[in-house]
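Hi,

Here's the structure I promised to pass on. Have a look at it first, and my notes on what turned up follow underneath.

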Amino acid sequence: MTSHYDVAIVGGGPAGSAAAIRLSQAGYRVILADHRDPKHPRIGESLIPLAQSLLAQLKATQTVRAAGHLPSFGTLSAWGDPALQGKDYIYQLQSEGWQLDRQLFDQQLRQLAQEQGVLIAEHTRLDDVVQHADGFAARLYRKQQDPQAITCRWLIDAGGRPAVLSKQLGAVQQQTDQLLALYAYADSPTQTDQLASTLVEAVADGWWYSALLPSRRRLVVFLTDRDLLPSTARVCPQAFQARLAQTQHIQALLHKHAYQLDPVVRGANAASMRLDRAGGERWLAVGDAALSFDPLSSKGIGNALYTGILAAQSIVHADQMGQTDCPNYLQQVMRIFAVYQQQLQQFYQLETRWSDSVFWQRRQAQRAA
């Protein structure tokens, strides 16, 4: 038996849920298939104040505010200078950001989508996609269950950086750098850490950031280019701690509150990437599938919400106009990435202390180009 939907969405992160909520609000029949392993949540945890307007469009503001996410009031950074400088959200029109419990945040948005009438298919993979003139046929795969056949008029790829569905539909992923994130968690028995700002610190071969999470654990992340680290040492706890010991402010903070690093170090692709086209005939890519940002921008989750909402609106408009593609959406995604690249280059080029470092030479060469 085949089930029919107006839109099928691959991926249950913020982008997929945002698109699903807005489409359901517009009267569309939507299924969201999410196959990610909840035991391995993503590390994106910062939600800047400007994202509040996006949550309001999803009617999610009160849900997020009441859930125990930690308020965040800006960034403290040693960038271009060894001294810490503060950038406070309090001077913005919307003055409160959040350090998120990312797993909880994603669950909250999926729950809101379900309450709007979206069918949430957890632990489910969408595959065997075949395109027809009026949409797509596909199958849903879930462990220990027979495949389920579905059809849909539109597809949305919200599957994150791998962008598997978009690649299957002919898009090509373009990567502009080799940035790699190595991260570990730290626990403190004192529970005295109250720093409500993200701490950022540049070093000779990259940069670090650390954030206090709602769980009272502290996330510690090192960013450098993949080819600058031997593959055998990337997730080595001893090598990670040796690099951490070379920091000034982050190491001091950890020492002050008697933090102990978790022995497990993980790696994640943090490169800037985009698809050569974020959509085609009856399909769109949103969030990290469409364009992935350097963590320095702090725009990843905000962009996921924005592109999810914009994609939903674009599909509704295309249907109203009798169209099967969304050229304005594709152009907007290209503009977002161009502005992002310009801003990112400007910020990296503020750091000029290590002129003999390959990592920083690459960022300075971008300015010359």
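**The hairpin**

A hairpin takes β9 into β10, and two residues make the link between them. Keep in mind as you read that this is a predicted model. The two strands cover residues 124–132 (β9) and 135–142 (β10), and they pair in the antiparallel sense over seven bridges. If you want a spot to click on, try Leu126, whose bridge partner in β10 is Leu140. When you colour the strands by side chain, remember that in a regular strand the side chains alternate between the two faces of the sheet.

**Two three-stranded sheets**

Next up, the open sheets. One has three strands in the order β3-β7-β4, with antiparallel pairing. Its edges are β3 (46–47) and β4 (70–72); each has a single partner strand, so one side of each has no neighbour in the sheet. Strand β7 (residues 97–99) runs antiparallel to β4, and three bridges join them. Leu70 is a handy marker here, with Gln99 as its bridge partner in β7.

The other open sheet I'd point you to also has three strands, ordered β12-β19-β22, and its pairing is antiparallel. At its edges you'll find β12 (173–175) and β22 (291–292), each of which pairs on one side only. Between β12 and strand β19 (residues 273–275) there are three bridges, and these strands run antiparallel. To find that pairing on screen, go to Gln174 and look for its bridge partner Arg274 in β19.

**Helix packing**

Two helix pairs are on my list. Helix α1 (residues 14–25) packs on helix α4 (residues 102–115) at an angle of about 20°, and their axes are 9 Å apart. An angle under 35 degrees counts as roughly parallel, so that is how α1 and α4 lie to each other. Their crossing is left-handed.

Then there's helix α8 (residues 300–321) with helix α9 (residues 327–348): the axes are 10 Å apart and the packing angle is about 160°. Angles over 145 degrees count as roughly antiparallel, and α8 and α9 are therefore roughly antiparallel to each other. In this case α8 passes α9 in a right-handed crossing.

**The cavity**

You'll probably ask about empty space too. How many cavities of 30 Å³ or more does a search of the whole structure find? The search finds one. The largest cavity holds about 40 Å³ of space. Its lining is made up of Ser188, Gln191, Thr192, Asp193, Leu212, Arg216 and Tyr259. Sorted by class, that lining has two nonpolar, three polar and two charged residues. Leu212 and Tyr259 are in the lining and count as nonpolar, while Asp193 and Arg216, also in the lining, count as charged.

That's what I have for now. Shout if you'd like to go through any of it together.

Cheers

Notes: Residues are numbered from 1 along each chain as its sequence is written. This is a predicted model: local features need pLDDT of at least 70, side-chain atom pairs count only at pLDDT 80 or more; totals for chains, interfaces and linings use all residues. Side-chain values use heavy atoms; hydrogens and water are left out. Two strands pair if DSSP finds at least two bridges between them. Helices (H or I, at least four residues) and strands (E, at least two) are DSSP runs, numbered from the N terminus. On a 1 Å grid over the protein atoms alone, a cavity is a set of points where a 1.4 Å probe fits but cannot get out, and a pocket is an open set with protein on both sides within 12 Å along at least five of seven lines; lining residues have an atom within 4 Å of a point. Grid points are joined across faces, edges and corners, and a volume is the space filled by probe spheres set on the points. Axes are lines fitted to C-alpha atoms, for helices over the stretch in contact, and angles run from 0 to 180 degrees between N-to-C directions. Angles under 35 degrees count as roughly parallel, over 145 as roughly antiparallel, 65 to 115 as roughly perpendicular and the rest as oblique. A crossing is left-handed if the near helix is turned anticlockwise from the far one by less than a right angle, and right-handed if clockwise.
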